[in-house]
Amino acid sequence: MSVAIFGLGRSGLAVAEALQALGKEAAVYDETPRERIAKPELIELAEKTGARLVLGEPFRLTLDADYVVVNPAIDHRHAALQSLSQSGTEVISEVEFAYRISKAPIIAVTGTNGKSTTTAMTVVALRAAGKDAILCGNIFGSGLDEQPLTSAALHSTEDQILVAEVSSFQLEWIPTFRPRAAAIVSLSPDHLDRYDSFEQYVETKYKIFRNQMPSDIAVTTDDNQSFESLARRKRILPDECRDSVPYGAFIAGSGEIPAPEFCILGRHNLVNISIALTLARPFLDDAEMELAIQALKEFPGLAHRMEFVAEKRGIRFINNSMCTNPAAVRASLESIDVPVRVLVGGVNKDLSFANLREFFAERPGGVYLFGRDAEQINRELGGNYPVWCTMKEAFDAATNEAKDGEIVMLAPGCASMDQFRDFRHRGDVFRTYVMDWTA
């Protein structure tokens, strides 16, 4: 059997390694020339798998392969993918490939914001109850042990549970992927450079439920109900499996637990806890559920996601570098009751900040814009905010103006690649600024 892999990245390498272990031939194609591959070490690792590498050439419109595994970074509208699919060559995502080789059941989490935290919470809950839960999938930079879903699936056993963060890109080619439990934690406009409309983005997210059976768990929040008629009309969401978590309340089983019992910051994280426990519930008895709840009471959150960094002179600093769209900025600020001086900016992902204009105007604190698209964002916000070239300048201004009891938060609402390698690098740099100031 011969398999083609489109895209030499973290997931593509994992698929190549799995194919080698399964005794199957693989060819890895990437349109980027060898000398421009962002992570050259991937080339050497891929060559060690015995896979044939074809770099720097356009993807083939026809291939002599049993099927193609496509990297999520490759647009589903790519001419080669459309040509191959229409000609009868099966095109699947890495998530689909992993599902086919996994011996363990899979819990999958997607959404616009909050999916990494909810995925990690589910793992924490299951592990506290004594289950062998593996954190995997699209999650990156969480500060916890994490691996590609394919790597976890290759080495999985029947008594494990794979808990995977799944992006919309990974849900584009999933003919049979069936998670035992799945959730959409939130939906708001994002990645519109990859989709023809917000409706198409929503449809893609809801594919996570498409192959589920009545015995499976499908979790949404009350906020997502407006999208469900669309999903049912497109025959994406089965009628038989649905479990809705009320937005803004924490419910575990039949009892409500007071928010102050949880140490994680942000009201929206109470919803994430509810979702995580709903996903874990099918695998736990009542006693194990109590252990899971206790573990989540003590869960501090993930790196770069509403991460408390330090406090000095009554001013708290929060690193929320993973916040990469306007909806996430709003959710982050709505979860906090004190004035926030928020650092916003970077590379806008073709998303409008106009809806934040009145929201920012009514909130105590301040907005400090920086980065490549700061001027454009300022225009959408009404043009009343200071604009800085660098995050350091914005940080200095916010810190100098912050008062006792306030928060300085990095919640950029944008991608990071104008000044940083990725969101982790941006968050690490922010953390350095904080530690220098509070030393």
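Helices here are DSSP runs of H or I covering at least four residues, and they are numbered from the N terminus. With that in place, let me start with helix α4, residues 94–101, which holds both Glu-96 and Arg-100, four residues apart and so about one turn of the helix, if I may put the definition to use straight away. I should say at the outset that what we are looking at is a predicted model.

The side chains of Glu-96 and Arg-100 form a salt bridge, with 2.8 Å from N to O. The two partners sit in contrasting surroundings: Glu-96 has a relative accessibility of 0% and therefore counts as buried, while Arg-100, with a relative accessible area of 37%, is partly exposed.

Let me step back to the whole chain for a moment. The protein chain has 439 residues, of which 57% count as buried, and it carries 15 helices and 19 strands. If we take the contacts between residues at least 6 apart in sequence, 74% of them join residues at least 24 apart.

Now to the interior. In soluble globular proteins, nonpolar side chains tend to be buried together. In this model the largest nonpolar core has 49 residues, and those with the most contacts inside it are Leu-19, Phe-97, Leu-149, Leu-162, Phe-177 and Ile-208. Helix α1, residues 10–21, supplies the largest share of this core, namely five residues. Apart from that core lies another one, of 35 residues, which includes Val-123, Ile-161, Ile-264 and Ala-280.

What does Phe-177 touch, once residues up to four places away in sequence are left out? The list is Val-95, Glu-96, Tyr-99, Ile-106, Ala-108, Leu-171, Ile-208 and Asn-211, and you will recognise Glu-96 there as the buried partner in the salt bridge with which I began.

That brings me to the other salt bridges, of which the count comes to 19. Arg-194 and Glu-172 meet through their side chains at 3.3 Å, N to O. Arg-194 lies in the loop between β9 (181–184) and α7 (198–206), and Glu-172 in the loop between β8 (160–165) and β9, so this pair ties together parts that are 22 residues apart in sequence. Both Arg-194 and Glu-172 are buried.

A further salt bridge, at 3.8 Å from N to O, is made by the side chains of Arg-180 and Asp-216. Here Arg-180 belongs to the loop between β8 and β9, and Asp-216 to the loop between α7 and β10 (217–221), so the parts tied together are 36 residues apart in sequence. Arg-180, at 28% relative accessibility, counts as partly exposed, whereas Asp-216, at 3%, counts as buried. There is also a network, in which salt bridges that share partners join Asp-75, Arg-77 and Asp-196.

Against that background, Arg-305 deserves a careful look. Which side chain of opposite charge is nearest to Arg-305, and how far away is it? It is Glu-165, at 5.3 Å, and since a salt bridge requires a nitrogen to oxygen approach within 4 Å, Arg-305 is buried yet has no salt bridge. A polar atom of the Arg-305 side chain does, however, lie 2.8 Å from the backbone oxygen of Ala-303. Arg-305 itself is found in the loop between α10 (286–297) and β14.

From that loop we can move on to the sheet. Six strands form an open sheet of mixed pairing, in the order β14-β15-β19-β16-β17-β18. At its edges stand β14 and β18 (387–388), each with a single partner strand, so one side of each is left without a neighbour in the sheet.

Strand β14, residues 307–312, runs antiparallel to strand β15, residues 315–319, and five bridges join them; within this pairing, Phe-308 has Ile-318 of β15 as its bridge partner. The hairpin of β14 and β15 has two residues between the strands, and in it Arg-313 takes a positive phi near 55°. Elsewhere in the sheet, strand β16 (residues 340–345) and strand β19 (residues 407–410) pair in the parallel sense over four bridges, with Arg-341 standing opposite Val-408 in β19.

Finally, consider Ser-335, in the loop between α11 (326–334) and β16. Is Ser-335 buried or exposed? Its relative accessible area is 8%, so Ser-335 is buried, and beyond its neighbours within four places in sequence it is in contact with Gly-266, Arg-267, His-268 and Met-306.

Definitions and conventions:
Residues numbered from 1 in each chain as written. Predicted model: local features only at pLDDT ≥ 70, side-chain atom pairs only at ≥ 80, totals over all residues. Heavy atoms only, no water. Core = buried A, V, L, I, M, F, W, Y, C linked by side-chain atoms within 4.5 Å. Buried < 20%, exposed > 50% of the residue type's maximum accessible area, 1.4 Å probe, protein only. Contact = heavy atoms within 4.5 Å. Pairing = 2+ DSSP bridges. Lys, Arg positive; Asp, Glu negative; His and termini not counted. Polar contact = N/O pair within 3.5 Å; in protein donor to acceptor, adjacent residues only side chain to side chain.
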